[in-house]
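Subject: Handover of the two-chain model

Hello,

I am passing this structure on to you. Please open it first, then read my notes below.

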Amino acid sequence: MVRVINALLAIVVGVGAALLLYYVLNMLVERLPDKWEERLKPYAFIGPAVVMIGIFLVYPAVRTFILSFANAQSTAWVGLENYTDLLGSSDFRLTLVNTLLWIAVVPALTVAFGLGVAVLADRLGPQAEKLTKSTIFLPMAISGVGAATIWRFVYETRPEGEPQIGLQNAIVTALGFDPVAWLQLDTLKVNSFLLMVILIWAQVGFSMVLLSAAVKGVPEETLEAARIDGANERQIFFRVITPQIWGTIITVFITVLISVLKIFDVVYVMTNGNFNTDVIAVRFFNELFRNGDNGRAAAIVVMLMIAVLPVIVYQVRHFRAEEAAR
Amino acid sequence: MTTTGTTPPPTAVPGEVKPRRALPWAGRREGAAAARGRGQAGPLVRGVLLLLCFLWLVPTIGIIVTSFRTPDAANTSGWWTVIASPLDFTQWTAANYREAISGGMGNAFVNSFAVTLPATIIPIMIAAFAAYAFTFIEFWGRDVLFVIVVGLLVVPNQVALVPLLRLYSDINFSLGPLSVNGLTGEFAAVYLAHIGFGMPLAIYILRNYMSTLPKAVIESAKIDGASHFKTFWKLIVPMSVPALASFAIFQFLWVWNDLLVALLFLGPGDRAVVTVNVAALVGAQQQGWQLLTAGAIISMVVPVLVFISLQRYFVRGLTAGSVKG
């Protein structure tokens, strides 16, 4: 009960303090001569937001970069040692390979599934379409931890002879094979792929919703014209619809890509990076929390940032182009 | 235009290419879609979709069923075996939930609200002020600042965690009855971080929305002598409610479902939030499946309810919040 009151108090105090701040800032600015008032007012409005972003994103990002050149306790400089150590260890290289594998597989499949469902469901009646989409979309609301728990019951393994309570092994044993310890099976990266399935399961709904909206926005005339010219459904899909929704496809791809780069909870809960399934964000957490190595954790994040950099550039360029077209 | 019987009359201009506004749950349907073979799916298409829906649902059904089975039943037979004898009530129980709630999930549930509510509500106002200035006032550095905001949208928040841990432990002060001895382990540590992390998205969504509002209204308010402060409160905030709601739902789900930040700043124990608690239960499976499944369901109830009831706004936030194309 005390907690709930504290939470409510935090909201009231937080919102109240912010309001008061704006009110005071506004009053102060209004007392200035008109010329200065006009000049300073916008900064009073954006000030608190800029301060928050500065404290919680910009300052820590710069600090992380600096800390990546220091030792575990951040007490002495070690130059590039964190980077060379990490890149020199086969363990970390494996983590990078796994992350690249996730990048190669998950965004593409998520877009493909989402587009497939969007296009197919578009042909159903409105009720059926809505039901189908809601079903696929629902995992979006479930946390990575929840999703991992759910999929435990698919991948769970019991020793041979005991009744299998994991769905996948129940099917395997029913077909007459021996049960497989799925999450420990790193031959051909099977366990990594099984973890990817969870993320795809969770993200296809998002991809479907955006792509469905785009598909519905394709002007009917263009499809009609293609049909008159004798194009079949396949040609219409690849030559008429796809080019027109390309922008959205890229959007979805990049958004999923970002969530793949940051993927933490699913892997952390399922394997904690064991059995050769480690990915970069889990490794980051373990370096920081289990090994208490600030320097290495920071170096991992810097590498993550380097991976994200092209996306940021794309994002900014795209935004600029859109603003110019506005 | 061949409209099938059940399709509501199109309200959007047919062929209008504005997908971001005409979303499937936004209550409007594109006229063009009605002409595109709606309701004409062949058996193959129906079959594929049905199979897909089935595959999507089965894992979730499994955990729901398991959460109501006795520990003994859950440990010795697959959950799907209940299909054979669903009416055998000796295998059903609600004790799992009682046990989970008293064993920490109830506590964690409250903690999750203590973190999520401030993290959702506080940033809205801060971002709204900033978005207003970005949209309606010309000032030096505006474009550069906003481009930075756009760039920060995709920055992984891992980037902030190491320095924040140190920053938090440096916060020591006492102010009358209020004494703070390091922020780590306090709810504030988590929600403050989420307020900061969510800020670029909030500004971005709100600014995009505000720039679609008619400029004439703001101009006339100015001519009438209204200050920016007044225009903001009396005009822009009420007009921006849909965008505010979109961000709120987005942020609520995001914070509620977050594991990483909560794990780092609060950790397991008395102050654990639901995700941290469920993750800890996965590690302690010897205690049996029943706690884990019931706990996981409890952790999902709120986001799923929020999601289902406010799907419309969520979708809009999603569309606006993703890297746009």
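Which helices do the buried residues of α6(B) pack against? In chain A they are α2 (34–67), α13 (280–290) and α14 (294–325). In chain B they are α7 (187–210) and α11 (260–265). Please keep in mind that this is a predicted model.

**Helix α6 of chain B**

This helix covers residues 158–170. A kink of about 35° is centred on B:Leu164. B:Leu164 is also one of the buried residues of α6(B). The others in that list are B:Gln158, B:Val159, B:Ala160, B:Leu161, B:Val162, B:Pro163, B:Leu165 and B:Tyr168.

One partner of the kink residue sits in α7. B:Ala193 is found in that helix of chain B. Its contacts beyond four places in sequence are A:Phe56, B:Leu164, B:Val261 and B:Phe265. That list includes a residue of chain A, A:Phe56. Why does B:Ala193 count as buried? Because 28 other C-beta atoms lie within 10 Å of its own, and 20 or more are enough to be buried. B:Ala193 and B:Val261 are 68 residues apart in sequence. In space, their C-alpha atoms are 8.1 Å apart.

**Chain B as a whole**

Chain B has 14 helices and two strands. It holds 325 residues, and buried residues make up 50% of them. Take the contacts in chain B between residues at least 6 apart in sequence: 72% of these join residues at least 24 apart.

**The nonpolar core**

The largest nonpolar core has 192 residues. Which residues have the most contacts inside it? They are B:Ala127, B:Ala130 and B:Ile203. Helix α4 of chain B, residues 95–136, gives the largest share of this core, with 21 residues.

B:Ile203 links several of these pieces. Setting aside neighbours within four places in sequence, B:Ile203 is in contact with B:Ala127, B:Ala130, B:Ala131, B:Phe134 and B:Val149. It also contacts A:Ala49, in the other chain.

B:Phe109 lies in helix α4 of chain B too. It is buried, because 20 other C-beta atoms lie within 10 Å and the cut-off for buried is 20 or more. Not counting residues up to four places away in sequence, B:Phe109 touches B:Val274 and B:Ile298. B:Asp88 is 21 residues from B:Phe109 along the chain, and their C-alpha atoms are separated by 32 Å.

**Where the chains meet**

How many residues of chain A are in contact with chain B? There are 99, and they meet 102 residues of chain B. On the chain A side, α2(A) gives the most, with 18 residues. That side divides into 68 nonpolar, 20 polar and 11 charged residues.

**Chain A: domains and a buried leucine**

The domain assignment of chain A gives two domains. Domain 1 is 2–67. Domain 2 is 90–145 + 198–325. Their C-alpha centres lie 34 Å apart.

A:Leu195 is placed in helix α8 of chain A. Buried or exposed? A:Leu195 is buried, because 27 other C-beta atoms lie within 10 Å. Leaving aside neighbours within four places in sequence, its contacts are A:Val266, A:Val267, A:Met270 and A:Thr277. A:Leu210 is 15 residues away from A:Leu195 along the chain. The C-alpha atoms of A:Leu195 and A:Leu210 are separated by 24 Å.

**Two loop residues to look at**

Most residues other than glycine have a negative phi. Two residues of chain A go the other way.

- A:Ser74 has a positive phi of about 60°, although it is not a glycine. It lies in the loop between α2 and α3 (81–88) of chain A. A:Ser74 is partly exposed, with 18 other C-beta atoms within 10 Å.
- A:Leu188 has a positive phi of about 55°, and it is not a glycine either. This residue is in the loop between α7 (167–174) and α8 (190–216) of chain A. A:Leu188 counts as exposed, because it has 8 C-beta neighbours inside 10 Å and 12 or fewer make a residue exposed.

To find your way in, start at the kink centred on B:Leu164. Then go to B:Ala193, which contacts B:Leu164, and on to the helices of chain A that α6(B) packs against.

Best wishes

Note on methods. Residues are numbered from 1 along each chain as its sequence is written. Chains are lettered from A and ligands numbered from 1 in the order in which they are written. This is a predicted model: local features need pLDDT of at least 70, side-chain atom pairs count only at pLDDT 80 or more; totals for chains, interfaces and linings use all residues. The bend at a residue is the angle between axes fitted to the seven residues ending there and the seven starting there. Helices (H or I, at least four residues) and strands (E, at least two) are DSSP runs, numbered from the N terminus. Two residues are in contact if their C-beta atoms, placed from the backbone, lie within 7 Å. A nonpolar core is a set of buried Ala, Val, Leu, Ile, Met, Phe, Trp, Tyr and Cys residues joined through C-beta atoms within 7 Å. Ala, Val, Leu, Ile, Met, Phe, Trp, Tyr, Cys and Pro count as nonpolar, Asp, Glu, Lys and Arg as charged, and the others, Gly among them, as polar. Domain bounds come from an automatic or database domain assignment.
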